[in-house]
Amino acid sequence: MVTAIKTTPTPPSPASKAQSMGTAMPYETRTALHLKGLVPSAVENFAAQDARAYEQLKNKSSDLEKYIFLSWLRNTNLNLFYRLVLGHLKEIAPIIYTPTVGQACQEFSHIYPFLAPPSAVD
């Protein structure tokens, strides 16, 4: 006789919730996840995060540097990554698609440590 084992879905870890919201995480959520002191103290809305991320992106000197920044952002704050891409699609599409991805592939051995998600082994 085979019995079914009931499993409950694993809730997202506090780290993954913190990564998906960044500084937009409300104080109540930070307290509930015991993250006080582990995340920046300021609480910002997504518009402020978007403006800051876009400014950082514009300050990168090459498309490859922009690609690395966007890869890092995708791995650390997915919501902000997509907000930034959708808000500036004409400007960002050539960076996350061709021709920059081709350059990233050619130079992968030099940039892969910067592309890995958090806690990934190099």
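Visitor: Is Glu44 buried, partly exposed or exposed?

Guide: Keep in mind that this is a predicted model. Buried means under 20% relative accessible area and exposed means over 50%. Glu44 has a relative accessible area of 24%, so Glu44 falls in between those cut-offs and counts as partly exposed.

Visitor: Which residue forms a salt bridge with Glu44?

Guide: For a salt bridge, we need a side-chain nitrogen of Lys or Arg within 4 Å of a carboxyl oxygen of Asp or Glu. Here the closest N and O atoms are 2.6 Å apart. The partner has 37% relative accessibility, so it counts as partly exposed. That partner of Glu44 is Arg52.

Visitor: And how many salt bridges does the count come to?

Guide: You've already met the pair Arg52 and Glu44. Glu55 and Lys58 also meet through their side chains, at 3.7 Å from N to O. By the 4 Å rule, the count comes to 2.

Visitor: Which helix do Glu55 and Lys58 both lie in?

Guide: These two sit 3 residues apart, which is about one turn of the helix. Glu55 is partly exposed at 40% relative accessibility, and Lys58 is partly exposed too, at 42%. The helix that holds both is α3.

Visitor: Gln49 is found in helix α3 as well. Is Gln49 buried or exposed?

Guide: Let's look at what Gln49 touches, leaving out residues up to four places away in sequence: Met21, Gly22, Thr23, Ala24, Glu44, Asn77 and Leu80. Its relative accessibility is 2%. The cut-off for buried is under 20%, so Gln49 counts as buried.

Visitor: What percentage of the protein chain's residues count as buried?

Guide: Gln49 is one buried residue, but now we want the whole chain. The chain has 122 residues. The share of them that count as buried is 28%.

Visitor: Which residues form a nonpolar patch on the surface?

Guide: Start in helix α5, which covers residues 78-87. Leu78 lies there, and at 40% relative accessibility it counts as partly exposed. A patch needs residues with over 30% relative accessible area, so Leu78 clears that bar. With about 330 Å² of accessible area together, the patch is made of Leu78, Tyr82 and Leu86.

Visitor: How many helices and strands does the protein chain have?

Guide: We've visited α3 and α5 so far. Read along the sequence, the chain's pattern is α-α-α-α-α-α-α-α. The tally is 8 helices and 0 strands.

How values were computed: Residues are numbered from 1 along each chain as its sequence is written. This is a predicted model: local features need pLDDT of at least 70, side-chain atom pairs count only at pLDDT 80 or more; totals for chains, interfaces and linings use all residues. Side-chain values use heavy atoms; hydrogens and water are left out. Patches are made of residues with over 30% relative accessible area and no salt bridge: like charges are joined within 9 Å, nonpolar side chains (Val, Leu, Ile, Met, Phe, Trp, Tyr) within 5 Å. Accessible areas come from the Shrake-Rupley method with a 1.4 Å probe; for residues, only the protein chains shown count as cover. Helices (H or I, at least four residues) and strands (E, at least two) are DSSP runs, numbered from the N terminus. Buried means under 20% relative accessible area, exposed over 50%, partly exposed in between (1.4 Å probe, protein chains only). Contact means heavy atoms within 4.5 Å.
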